[in-house]
Amino acid sequence: MSYQDDMQSLERTAQLFKVLGDQTRLKILYLLSKRGSLKVEDIIYELGMEQSAVSHQLSKLRKNHIVKGQKMGKYVVYQMVDEHVRHMFELALAHSQEEE
């Protein structure tokens, strides 16, 4: 890898952390980490938020390749994109729970 490639990777990593720096998006990831996949309606119910607010956050997560949605009949079901995302989220959560 070249220096330029490394710099582009760092930019994408910074964007990833920026997207993950929102508590609502982290709550969505927490739900998905526990359940595997959820319908949008279930996420709305669990978070007690408006549909438009949840959809906005899911859109940001989708655009940054953190979650993916799949149409199933009249519902859209979301899950984490892959095990890298799940592992990264679980490591960050475990780190935050450590005592100093």
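This passage walks through the fold, the strands, the core and a few single residues of a predicted model.

Starting with the overall picture, the protein has 5 helices and 3 strands. Read from the N terminus, the order of these elements is α-α-β-α-α-β-β-α. Along the principal axes, the C-alpha atoms fit a box of roughly 45 × 35 × 20 Å. Of the 100 residues, 27% come out as buried. The exposed surface adds up to about 7,200 Å², and carbon and sulfur atoms account for 51% of that area. As for charge, there are 14 positive and 14 negative ones, and their mean positions sit 10 Å apart. Contacts were also sorted by sequence separation: among those between residues at least 6 apart, 51% link residues at least 24 apart.

Next come the strands. β3 pairs with β2 through 6 bridges, and the two run antiparallel. β3 also pairs with β1, residues 37-39, again antiparallel, this time through 3 bridges. On the β1 side, leucine 38 faces tyrosine 78 of β3. On the β2 side, valine 67 has methionine 80 of β3 as its bridge partner, while lysine 68 is matched with glutamine 79 of β3. The β2-β3 hairpin leaves 2 residues between its strands, and glycine 73 in this hairpin adopts a positive phi near 70°.

Then there is the packing. In soluble globular proteins, nonpolar side chains tend to be buried together. Here, the largest nonpolar core counts 20 residues, and Ile43, Leu58, Ile66 and Val67 are the ones with the most contacts inside it. The elements that each contribute two or more residues to this core are α1 (3-20), α2 (23-35), α3 (40-47), α4 (51-63), β3 (75-80) and α5 (83-97). Val67 thus turns up twice, as one of the core residues with the most contacts and as the bridge partner of methionine 80. Ile66 is worth a look too. With neighbours within four places in sequence left out, isoleucine 66 touches Leu16, Val19, Leu20, Leu29, Leu61, Met80, Val81 and Val85. Met80, the strand partner of valine 67, is therefore also on the contact list of isoleucine 66.

Just before Ile66 in the chain comes a residue with quite another setting. Histidine 65 lies in the loop between α4 and β2 (67-72). Its relative accessibility is 60%, so histidine 65 counts as exposed, the cut-off being over 50%. The backbone of histidine 65 stands out as well, with a positive phi of about 55° although the residue is not a glycine. For context, most residues other than glycine have a negative phi.

A last stop is threonine 24, which belongs to helix α2. Threonine 24 is classed as buried because its relative accessible area is 19%, and the limit for that class is under 20%. Not counting neighbours within four places in sequence, threonine 24 makes contact with Leu47, Met49 and Gln57.

How values were computed. Residues numbered from 1 in each chain as written. Predicted model: local features only at pLDDT ≥ 70, side-chain atom pairs only at ≥ 80, totals over all residues. Heavy atoms only, no water. Core = buried A, V, L, I, M, F, W, Y, C linked by side-chain atoms within 4.5 Å. Buried < 20%, exposed > 50% of the residue type's maximum accessible area, 1.4 Å probe, protein only. Helix = DSSP H or I, 4+ residues; strand = E, 2+ residues; numbered from the N terminus. Contact = heavy atoms within 4.5 Å. Areas by Shrake-Rupley, 256 points an atom, 1.4 Å probe, with all protein chains shown as cover. Lys, Arg positive; Asp, Glu negative; His and termini not counted. Charge placed at Lys NZ, Arg CZ, Asp CG, Glu CD. Pairing = 2+ DSSP bridges.
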